[in-house]
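Reader: I'm in my first year and still learning to read structures. Could you take me through one part of this one slowly, and then show me how the rest fits around that part?

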Amino acid sequence: MPIDHAAAQALFVEYDKAADVLDESGPIWHGDIENCDVCSRPMEPEIYMIDGPAQASAQPMWGNMCVICAYKLSLKIEWGIAQLYRRQGSHWYLIAGGPPPRDDWDL
Ligand SMILES: [Zn+2]
């Protein structure tokens, strides 16, 4: 059954703890993302972008996806699995699925 855009987006809002206040000190996506890598939907009006596995296969290519494609292919946001970015102005800010706090790094 097809999912509509609002329903798909609502699933990713769950990860957006900062709902109103975006931490702009966090990592941003470098480079332009004009279209969803899977469905080619223009990303300009999108609020969220998911960087994750963009193919339903054992060794998928990763891509930048809209919420509808991510709903189908990359629903789980977690470090090493997929990252969730939120648009603010002309930048995409990483808001979920980033690396754990530096204290936890085993360097
Ligand atoms: Zn898409």
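In which helix is the place of Val 67?

Author: Val 67 has its place in helix 2. Before we zoom in, some housekeeping: this is a predicted model, where local features need pLDDT of at least 70, side-chain atom pairs count only at pLDDT 80 or more, and totals for chains, interfaces and linings use all residues. Residues are numbered from 1 along each chain as its sequence is written. Helices and strands are DSSP runs numbered from the N terminus (helices are H or I with at least four residues, strands are E with at least two).

Now, Val 67. Is Val 67 buried or exposed? Val 67 is buried, because 25 other C-beta atoms lie within 10 Å. The cut-offs go like this: a residue is buried if 20 or more other C-beta atoms lie within 10 Å of its own, exposed if 12 or fewer, and partly exposed in between, with C-beta atoms placed from the backbone. Leaving out residues up to four places away in sequence, Val 67 touches His 5, Ala 8, Gln 9, Phe 12 and Tyr 48. Touching, or being in contact, means that the C-beta atoms of two residues, placed from the backbone, lie within 7 Å. If you follow the chain from Val 67 to Glu 78, you go 11 residues along, and the two C-alpha atoms are separated by 15 Å.

Let's hop over to one of those partners, His 5. His 5 is found in helix 1, which covers residues 5–13. His 5 is partly exposed, since 14 other C-beta atoms lie within 10 Å. With residues up to four places away in sequence not counted, His 5 touches Val 67 and Ile 68. There's also a nice example of the chain folding back here: His 5 and Cys 66 are 61 residues apart along the chain, yet their C-alpha atoms are separated by 9.1 Å.

Another partner of Val 67 is Tyr 48, and that residue takes us to the strands. The bridge partner of Tyr 48 in strand 3 is Arg 86. Asp 51 has its bridge partner in strand 3 too, namely Gln 83. In total, 4 bridges join strand 1 to strand 3, and the two run antiparallel. Two strands count as paired if DSSP finds at least two bridges between them. As general background, strands of a sheet pair through backbone hydrogen bonds, either parallel or antiparallel.

Strand 3 (residues 83–88) also runs antiparallel to strand 4 (residues 91–96), with 5 bridges joining them. Look for Leu 84, whose bridge partner in strand 4 is Ala 96, and for Tyr 85, whose partner there is Leu 94. These two strands form a hairpin with 2 residues between them, where Gly 89 takes a positive phi near 60°. Ser 40 has a positive phi as well, about 70°, although it is not a glycine. You'll find Ser 40 in the loop between helix 1 and strand 1, and Ser 40 is exposed, because 11 other C-beta atoms lie within 10 Å.

Put the strands together and you get an open sheet of 4 strands in the order 2-1-3-4, with antiparallel pairing. Strand 2 (62–65) and strand 4 are the edge strands, each pairing on one side only.

What about the inside? The largest nonpolar core has 22 residues, and Tyr 48, Ile 50, Cys 66 and Leu 84 are among those with the most contacts inside it. Such a core is a set of buried Ala, Val, Leu, Ile, Met, Phe, Trp, Tyr and Cys residues joined through C-beta atoms within 7 Å. Strand 1 (48–53), helix 2 (67–73), strand 3 and strand 4 each give two or more residues to this core. As for Ile 50, its contacts, with residues up to four places away not counted, are Met 65, Ala 70, Ser 74, Ala 82 and Leu 84.

Finally, step back. The chain has 2 helices and 4 strands, and from the N terminus on the elements run α-β-β-α-β-β. Buried residues make up 28% of the 107 residues. The C-alpha atoms fill a box of roughly 40 × 35 × 25 Å along the principal axes.
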